[in-house]
Amino acid sequence: MSSDKPILNKKTATGVALVALSGFVPQPFMQQADAASASISVTGSFVTGVKLAAGTSVKFGIFAATDVNGSIALSTAGVTTPSKAVAAGGAPQAGSFAMTLVSTVPNVDITISGLGAVTLAASAGGGGPVGTVKLNKIILDAIGAAAISLTDGGGGTAKSAGYNVTVKTGSIKVGGQLTWGAVQPIGTFAEAIVLTMAY
């Protein structure tokens, strides 16, 4: 029996060693976990809150000046009122801008540039150019409780601060006024005006 004990002890010691070895895992594998990653884009933009687009052009029509120091007004409904001139043809037409605002609050600042002296060229009949004509005023309507007049102060630009718009989307109606001085004008013109609106 004494010879059996050492054999049994060797078997037990071998079994313990095998159990210890079977539980061994290399250290780097124990520290790693299953993981994945992915990415998506985050996009956006900030805008002024005002969108404007050109609509129809303003057309005063054709007039013959009958005296010096006169004017022709064009309403936002397309009706002309000459002070010292007579209609000689053409089809008067109010202009327009398409407008979209993000909100009617707060009030907006409105600026018109392109006012002042217009450049006259020879008329269709070959007359002129003679005299000087000014685009003195632009009238805007259909965006607030009342129409707004922007008159040139001499720099070609007019501004109205804090105008109370009452609609967010619509068509701004555009009228205006031409004036002339000590010489009765003859000639044609085509000028651009720029409307700017900002909160």
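Helices (H or I, at least four residues) and strands (E, at least two) are DSSP runs, numbered from the N terminus. The model is predicted, with local features needing pLDDT of at least 70, side-chain atom pairs counting only at pLDDT 80 or more, and totals for chains, interfaces and linings using all residues. Residues are numbered from 1 along each chain as its sequence is written, and side-chain values use heavy atoms, with hydrogens and water left out.

**Exercise 1. Place glutamine 177 in the model, decide whether it is buried or exposed, and list what it touches.**

Step 1. Glutamine 177 belongs to strand E12.

Step 2. Its relative accessible area is 17%, and glutamine 177 is therefore buried, where buried means under 20% relative accessible area, exposed over 50%, and partly exposed in between (1.4 Å probe, protein chains only).

Step 3. Leaving aside residues up to four places away in sequence, glutamine 177 touches Phe60, Ser71, Ile72, Ala73, Lys134, Leu135, Asn136 and Lys137; contact means heavy atoms within 4.5 Å.

**Exercise 2. Describe the largest pocket by its space, its centre and its lining.**

Step 1. A pocket is defined on a 1 Å grid over the protein atoms alone, as an open set of points where a 1.4 Å probe fits, with protein on both sides within 12 Å along at least five of seven lines, and lining residues have an atom within 4 Å of a point. The largest pocket holds about 940 Å³ of space.

Step 2. There are 39 residues lining the largest pocket, and the closest to its centre are Val58, Phe60, Gly61, Leu178 and Phe189.

Step 3. Two or more lining residues come from each of strand E2 (62–65), strand E6 (95–101), strand E9 (133–141) and strand E12 (169–180).

Step 4. By residue type, the lining of the largest pocket has 25 nonpolar, twelve polar and two charged residues; Ala, Val, Leu, Ile, Met, Phe, Trp, Tyr, Cys and Pro count as nonpolar, Asp, Glu, Lys and Arg as charged, and the others, Gly among them, as polar.

**Exercise 3. Work out the order and pairing of the open sheet that contains E11, E7 and E13.**

Step 1. The three strands lie in the order E11-E7-E13 with antiparallel pairing, two strands being paired if DSSP finds at least two bridges between them.

Step 2. Strand E11 (157–163) and strand E13 (194–198) are the edge strands, each pairing on one side only.

Step 3. Strand E7 (residues 108–113) pairs with E11 over five bridges, and isoleucine 112 has alanine 158 in E11 as its bridge partner.

Step 4. E7 also pairs with E13 over five bridges in the antiparallel sense, with threonine 111 standing opposite threonine 196 in E13.

Step 5. On E13, Leu195 and Met197 make up the covered face, whereas Val194, Thr196 and Ala198 make up the uncovered one.

**Exercise 4. Find the cis peptide bonds and the positive phi values described for the loops.**

Step 1. As background, most residues other than glycine have a negative phi, and most peptide bonds are trans.

Step 2. The bond from valine 105 to proline 106 is cis, with omega near 0°, and proline 106 sits in the loop between E6 and E7.

Step 3. The bond from glycine 128 to proline 129 is cis as well, with omega near 5°, and proline 129 lies in the loop between strand E8 (116–117) and E9.

Step 4. Asparagine 69, in the loop between E2 and strand E3 (71–74), has a positive phi near 50°.

Step 5. Alanine 142, in the loop between E9 and strand E10 (148–151), has a positive phi near 80° and is partly exposed, with a relative accessible area of 38%.

Conventions: Grid points are joined across faces, edges and corners, and a volume is the space filled by probe spheres set on the points.
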